[in-house]
Amino acid sequence: MKVRLDRALAGRTLIFAAFLLWPLILFGRPTYLMGDSLAYLKTGQQAVEFAESKISSRVPGPAPADAVDPAGNPDPAPAARGADTKSARSVTYSVAAYALRWPGQDLTALAAVQVLAVSILCAIIGSVLELGRLRSYAAVAAIAAFATPLAAFAAFTVPDIWAGVLLGAMTLLIATGDRLSFGVKSYLALVIMFAILAHASIPPIAAGMTIIGVVCFVFQRRTHLKISARMLSWLLLPILFGFGANIAINYISFGKVSATGKRIPTALARSIAQGPGKWYLEEQCKTPRYAVCEIYGTKIPGTINGFLFDKNSLNDLATPEQMDRIRAQESEIVFRAAMTYPGVEARKLASGILKQLVTFDLGLTNFKRQVEMGADGLPTLAESGRDHSALLHTIDILVAMLLVLSAGWVFLRYRQLHAEERNMLLLLVLGMLGNALVCSAFSGVAERYQARIVWLFPVFILFMIASRFAAETRASAENRA
């Protein structure tokens, strides 16, 4: 039976949403990432104002006095709004944050929409695994809400949760696409597209999962999958449209054809912090050939924050033109540094992947900050004075316990799993490995990078357990009758 966007799915979604909303209800606000959450809000406001200026400029009428230079030419600034920007967050996620900033500027609506998006995904997972009873959904939702990072990261006003949504959606399309209705597949395709546009770390994961999907299509007899050419298109088209839209948005925003826009050069910062990039640049900058040499000479800061964010970092010293050249030269520097010090690079990358796989907790989702309006009328983050560390630490312990129990259940029951369930779990494991690779290679190890997707593993397994329990209970009742 196909899973459809119907009343049953809506009811299951609402059950999940009711449990996942607990951080917003208990703390009264979402959680924020210092330096990022309000930056998305600001970028979204600038993008909307830029679009409005472009639309209004096409309306006939006299130009404002301050929009004309002495020669009588219109001010070119609106058309080049992004040209003098050093770095920028995802335009798409920023516009979403600005549109969903209410009430006031605290982004509660953004967090609520994220809760709804993951609730729909979870309802689809349970429906695919043929769980029908609403009380079973309530049990799974309660455990997922309080013993995984899902609720906290859904309320996190940065794009992290969308990495997990993308991985879950692509897993469903690859493993169970033939049992999804047109409406469900459309929803999954849309969230995949949005996720690709939401953060620069997500497109590589999408590309990797797409390659896995194509491999599964080619070898579907061995994997016991049923993937038609039409089903494969549901996997490929959102990826193509997502990447295409990303390029178009970056061109409109910044005037250049780019898939990554004006992202922060975190891959270069990671290479420098781990050694190879720093050693390579210290040698190359003796006869400057890279833009970064113009700023630091041979005295390259040795930490990520020192290179990117602290006082006298690129954020302070580099011009927008220099930042553009640094981004353009980043991949060359990272690659050449890795080839110059291959042993160190391989060892650091391998240890980073392994460390990232087991490094996750609620971390920065501490709900300690709140949005306040500054004297200049702009929103700022201020400490709330409330300490929730005890509760969040308890949840961290529950997360670790649930993951161990989930892995143990899979180990004990693996032979009894259906081929479809095995394929789901394999896809999730590969996706989590890919996430660890992408994050450790292009940014560095951080708790939030793996926590943003690790909730998928226990959620899928909880639904498998609940589905089996419901089937056994039903069979037992029928036998007694």
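A disulfide, for our purposes this morning, is a pair of cysteine sulfur atoms within 2.5 Å, and in general terms it is a covalent bond between the sulfur atoms of two cysteines. Please keep in mind that what you see above is a predicted model, in which the chain averages a pLDDT of 91 and 94% of the residues score at least 70. Over residues 61–81, however, the pLDDT is below 50, and this stretch has 13 contacts in the model beyond near neighbours in sequence.

With that definition in hand, let me turn to the cysteines. The structure holds one disulfide, and Cys285 and Cys293 are the partners that form it, with their sulfur atoms 1.9 Å apart. Because the torsion about the S-S bond of Cys285 and Cys293 is about -70°, the disulfide is left-handed. Cys285 is buried, at a relative accessible area of 5%, and Cys293 is likewise buried, at 4% relative accessibility. Two further cysteines to look at are Cys122, which counts as buried at 0% relative accessibility, and Cys439, which is buried with a relative accessible area of 3%.

Now to helix 1, which covers residues 7–20 and reaches 20 Å from its first C-alpha to its last, close to the 20 Å expected at 1.5 Å a residue. At the start of helix 1, the backbone nitrogen of Ala8 has a side-chain oxygen of Asp6 within 3.3 Å. The buried residues of helix 1 include Leu9, Arg12, Ile15 and Phe16, and what the buried residues of this helix pack against includes helix 2 (22–27), helix 5 (108–128) and helix 23 (456–480).

Key:
Residues numbered from 1 in each chain as written. Predicted model: local features only at pLDDT ≥ 70, side-chain atom pairs only at ≥ 80, totals over all residues. Heavy atoms only, no water. pLDDT = per-residue confidence, 0-100. Contact = heavy atoms within 4.5 Å. Helix = DSSP H or I, 4+ residues; strand = E, 2+ residues; numbered from the N terminus. Expected span 1.5 Å × (residues − 1). Buried < 20%, exposed > 50% of the residue type's maximum accessible area, 1.4 Å probe, protein only. Polar contact = N/O pair within 3.5 Å; in protein donor to acceptor, adjacent residues only side chain to side chain.
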